[in-house]
Amino acid sequence: VEENAKLGNFVTVAGSMLGGTCEVGDYTTTTGFANLTTAKIGSRVFVGSHSVILNELKVGDDAVICAGSIVFNNVKPGTKVWGSPAKKAPF
């Protein structure tokens, strides 16, 4: 976690890169090897292992980023995305 990153309350960071001006909302979980540099992540978001959220993107509250996803676009609140490029999951 770099010094300019902003973390909310009860955030779990498990071996992830939170750098630059990344902002992470309350009760969010990042798992192993996720990479968030200047993204803005909402509250209660789950970021799966080996995911990448590219610069300046926004992830809404209650979203799920599945493992291995590469996020190229903003993610709306409550949306589950997966794949590369990440797109809305059919499940």
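Biologist: Which polar atom lies 3.0 Å from the backbone nitrogen of E56?
Modeller: In this predicted model, the partner of that E56 nitrogen is a polar atom of the side chain of T38, at 3.0 Å.

Biologist: And what else does the side chain of T38 make a polar contact with?
Modeller: The T38 side chain also makes a polar contact with the side chain of N55, at 3.5 Å.

Biologist: Where is T38 found?
Modeller: T38 sits in the loop that joins β6 (35–36) to β7 (40–41).

Biologist: Is T38 buried or exposed?
Modeller: T38 has a relative accessible area of 16%. The limit for a buried residue is under 20%, so T38 counts as buried.

Biologist: Which residues is T38 in contact with, leaving aside its neighbours within four places in sequence?
Modeller: On one side of the sequence there are G19, G20, T21 and C22, and on the other N55 and E56.

Biologist: Back to E56. Where does that one lie, and is E56 buried or exposed?
Modeller: E56 belongs to the loop between β9 and β10. Its relative accessibility is 56%, so E56 counts as exposed.

Biologist: What is E56 in contact with, again leaving aside neighbours within four places?
Modeller: The contacts of E56 are T38, A39 and N74. For N74, which is 18 residues from E56 along the chain, the C-alpha atoms of the two residues are separated by 8.9 Å.

Biologist: Change of topic. How many helices and strands does the protein have?
Modeller: The count is zero helices and 14 strands. Read from the N terminus, every element in the run is therefore β.

Biologist: In what order do the four strands of the open sheet come?
Modeller: The order is β3-β6-β9-β12, with parallel pairing. At the edges are β3 (17–18) and β12 (70–71), each of which pairs on one side only.

Biologist: How many bridges hold β6 and β9 in that pairing?
Modeller: Two bridges join β6 to β9 (residues 52–53), in the parallel sense. In one of the residue pairs, N35 has V52 of β9 as its bridge partner.

Biologist: What about salt bridges, how many does the count come to?
Modeller: The count comes to one salt bridge. It is formed by the side chains of R44 and D62, with 2.7 Å from N to O. R44 is in the loop between β7 and β8 (46–47), while D62 is in the loop between β10 (58–59) and β11 (64–65), so the pair ties together parts that are 18 residues apart in sequence.

Biologist: Why would two such side chains pair at all?
Modeller: Side chains of opposite charge can pair when their charged atoms come close.

Biologist: Are R44 and D62 buried or exposed?
Modeller: Each falls in the class between those two words. R44 is partly exposed, with a relative accessible area of 44%, and D62 is partly exposed at 38%.

Biologist: What is the phi of D62?
Modeller: D62 has a positive phi of about 65°, although it is not a glycine. Another residue of this kind is Y27, with a positive phi of about 60°. Y27 is placed in the loop between β4 (23–24) and β5 (29–30), and with a relative accessible area of 51% it is exposed.

Biologist: Why point those out?
Modeller: Because most residues other than glycine have a negative phi, and most peptide bonds are trans. On the second point, the peptide bond from S84 to P85 is cis, with omega near 0°. P85 is in the loop between β13 (80–82) and β14 (87–88).

Biologist: Now the interior. Which residues of the largest nonpolar core touch the most other members?
Modeller: They are I41, I53, V59, I65 and V71, in a core of 20 residues. Not counting residues up to four places away in sequence, V59 touches K40, I41, G42, V45, I53, I65 and V75.

Biologist: How many of the 91 residues count as buried, as a percentage?
Modeller: The buried share is 40% of the 91 residues.

Biologist: Last one: what is the radius of gyration of the protein?
Modeller: The radius of gyration is 11 Å, which agrees with the value near 12 Å that a compact globule of 91 residues would have. Along the principal axes, the C-alpha atoms fill a box of roughly 35 × 20 × 20 Å. Among contacts between residues at least 6 apart in sequence, 0% join residues at least 24 apart.

Conventions. Residues are numbered from 1 along each chain as its sequence is written. This is a predicted model: local features need pLDDT of at least 70, side-chain atom pairs count only at pLDDT 80 or more; totals for chains, interfaces and linings use all residues. Side-chain values use heavy atoms; hydrogens and water are left out. Buried means under 20% relative accessible area, exposed over 50%, partly exposed in between (1.4 Å probe, protein chains only). A polar contact is a pair of N or O atoms within 3.5 Å; within protein, one must be able to donate a hydrogen and the other to accept it, and residues adjacent in sequence count only if both atoms are side-chain atoms. Contact means heavy atoms within 4.5 Å. Two strands pair if DSSP finds at least two bridges between them. A salt bridge is a side-chain nitrogen of Lys or Arg within 4 Å of a carboxyl oxygen of Asp or Glu. A nonpolar core is a set of buried Ala, Val, Leu, Ile, Met, Phe, Trp, Tyr and Cys residues joined through side-chain atoms within 4.5 Å. The radius of gyration is taken over C-alpha atoms; the globule rule is 2.2 Å times the number of residues to the power 0.38.
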